[in-house]
Amino acid sequence: MSTPAPSANLMEAVVSLAKRRGFIFPSSEIYGGLNGFFDYGPLGVELKKNIRDCWWNDLVRRRDDIVGLESSIIMHPKVWEASGHVAGFSDPLVDCKVSKQRYRADQLFFAPVIVAQEDGVPVDLGFVCALESEDTSAELQKLAEELKRKKAARGKLEGIVPLSFETATPDQIPLIPSPATGEPGSLTPPRSFNMMFQTNVGAMTDASSVAYLRPETAQGMFVDFKTIVDTGRVKLPFGIAQIGKSFRNEITPRNFIFRSREFEQMEMEFFIHEDDDWAKWHRHWIDWCKDWLRSIGLPDTHLSEYDHPKAKLAFYSKGTTDIMFRYPFGVQELWGIAARGSYDLTQHANASGRPQEIFDEATKKKFVPHVIEPAVGVDRILLAVLCAGYAEEDVTDEKGNVEKRTVLRLSPRLAPVKVAVLPLLKNKEPLVARARALHAKLKRRHAVFYDDGGAIGRRYRRQDEIGTPWCVTIDFDTLEQPGDTFTLRERDSMQQRRVTEAELFALLEEQVF
RNA sequence: GCGGCUAUAGUUUAAUGGUAAAACCUCUGCCUUCCAAGCAGGUGUCGUCGGUUCGAUUCCGACUAGCCGCUCCA
């Protein structure tokens, strides 16, 4: 009877629900919106806060080896020079004006094609160009031979030397053929897109005032590492965790809140001894992250792992594994777990002139710790939770009519409203009074909601749509029968049973943490 | 940033060169003894700016935003 929404429309349905029920909507909408920015409404902000709280409680408060941090969003500009973001967070791109293809300049290679005539005079046939591949040289060689045949040139082909497009001179660019068309003249010079938001510190704007909004929260943990070691009573292995906003000038924000320009990260840097087994810790954190995702209700069937190929890794990286989630628009990166060696601390030690070392009491030697970094986006989790939880069911009523029921199956841990308190009828004062009393008592500890508008069935369905796991109805049995019990109606099964107030609080204590 | 398509109520959709319609949702009141019942009522700057026109939501242009593809994605 449960009909999962067709994948093609699921995204649309989720976006529509998010807007309709006040979870998420475009930022600055009365001015036409702003590409890549979103606002979280009354229910969205509760859901998001619950995701943050679950992560923080599980990772920081309920463990002895991880401490928290909130570093500033704007940091010294030298942080981003040392981290490599100023130089590396931009990729020069090349467009083919004819085919509308776009290439990364560092993945595009070209080579001059020259044949040596019998008299020894070299003849220039032009250029060939190809995308980086398993064997770029062979690819270019093949293209060069084709070019020679096409131009009916005689003589011996000289050796092909692949050159990065990044090194192409303005004279050469118009002569280099596009890999898409094979014809020269359509490629643009490489253009840079820096992904960091720039701003200025202080009222005066000049070169020395340039600063950046952080593109990741991680650098705060590295920059403050020594201070936390000196003051935090921590011992290896240990972690520093942070939740906060980050900003990236994404070329194309897409897929609702999946890739936006202002987003929220939950990152943790787990520092280990340089001699410790990084692979063991890497695996440990991958498993922890997957378990955690399951604990907030994401189904295992939607989760997978992707190991970044060694060849694509940054030189300092020992390994990166992404936990992927099956979104309606494809399997996409949710949580990246990177083994970054001692790269970041070493970079900051060199750039600041301050050693970032730990003293090993056993060996009496200093060393720079290595780090494992699980980094996840709050907004991506939130989207995953909405997509996985959204369902439309056909429900048949007593008269045999089939109706659609929209339900958001959110984990009780995450649900914005835990319990809705409903008097069965609005115009019977004792029911209303008892319901209000229960509501007042519940709301001291939990996010709860009181509703007396309309028929009871409508109120149940309204709560289904926003993911409220339980509804409690105050009925005539509550008033007339001994024991002061209520009807507890469960969201997913729609089953009802009678519970006492103590049982209700016990249920919440067990399920909401 | 490029190309294609699109923009009407909170949502999903109509109609129209002469100051806009329906359903659902929402709100108020009545009614209602357990799954979107019923009755009465309330809520709308046709994304923005400009052009053509006596008159533009409708035609044209630009901008903005959305979707799809390319690209990007520690």
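In the predicted model of chain A, the centres of domain 1 and domain 2, taken over C-alpha atoms, are separated by 42 Å. The bounds, which come from an automatic or database domain assignment, place residues 2-72 and 215-386 in domain 1, residues 93-175 in domain 2 and residues 417-511 in domain 3. Residues are numbered from 1 along each chain as its sequence is written, and chains are lettered from A and ligands numbered from 1 in the order in which they are written. Because the model is predicted, local features need pLDDT of at least 70 and side-chain atom pairs count only at pLDDT 80 or more, whereas totals for chains, interfaces and linings use all residues; side-chain values use heavy atoms, with hydrogens and water left out.

Helices and strands are described as DSSP runs numbered from the N terminus (helices: H or I, at least four residues; strands: E, at least two). Two strands are regarded as paired if DSSP finds at least two bridges between them. An open sheet of seven strands shows mixed pairing in the order S4-S14-S15-S21-S18-S17-S16. Its edges are formed by strand S4 (66-69) and strand S16 (303-307), each of which has a single partner strand, so one side of each is left without a neighbour in the sheet. On average, and with direction ignored, neighbouring strands of this sheet are turned by 25° against each other. At one edge, S16 is joined by five bridges to strand S17 (residues 319-327), and the two run antiparallel. Within this pair, Asp 307 stands opposite Thr 321 in S17.

Helix H2 packs on this sheet, touching S4, S14, strand S15 (262-272), strand S18 (330-341) and strand S21 (370-377); contact denotes heavy atoms within 4.5 Å. The direction of H2 makes about 160° with that of S14. Axes are lines fitted to C-alpha atoms, for helices over the stretch in contact, and angles run from 0 to 180 degrees between N-to-C directions.

Helix H2 (residues 42-61) also packs with helix H8 (residues 278-295), at an angle of about 135° and with the axes 12 Å apart. H2 and H8 are therefore oblique to each other; angles under 35 degrees count as roughly parallel, over 145 as roughly antiparallel, 65 to 115 as roughly perpendicular and the rest as oblique. Ile 51, Cys 54, Trp 55, Asp 58 and Leu 59 of H2 meet Trp 285, Trp 288, Trp 292 and Ser 295 of H8 in this contact. By class, seven nonpolar residues, one polar and one charged make up the contact (Ala, Val, Leu, Ile, Met, Phe, Trp, Tyr, Cys and Pro count as nonpolar, Asp, Glu, Lys and Arg as charged, and the others, Gly among them, as polar).

A further open sheet has three strands in the order S5-S13-S12, with antiparallel pairing. Strand S5 (74-75) and strand S12 (198-200) are its edge strands, each pairing on one side only. Three bridges connect S12 with strand S13 (residues 210-213), and Asn 200 stands opposite Val 210 in S13.

Strand S27 (residues 485-490) and strand S28 (residues 496-500) run antiparallel and are joined by five bridges. Thr 485 stands opposite Thr 500 in S28. The two strands form a hairpin with five residues between them, and Met 494 in the turn has a positive phi of about 60°.

Two loops show further backbone features. Ser 28, in the loop between strand S2 (24-26) and strand S3 (38-40), has a positive phi of about 55° although it is not a glycine. The peptide bond from Leu 236 to Pro 237 is cis, with omega near -10°, and Pro 237 is found in the loop between helix H7 (225-231) and strand S14 (238-247).
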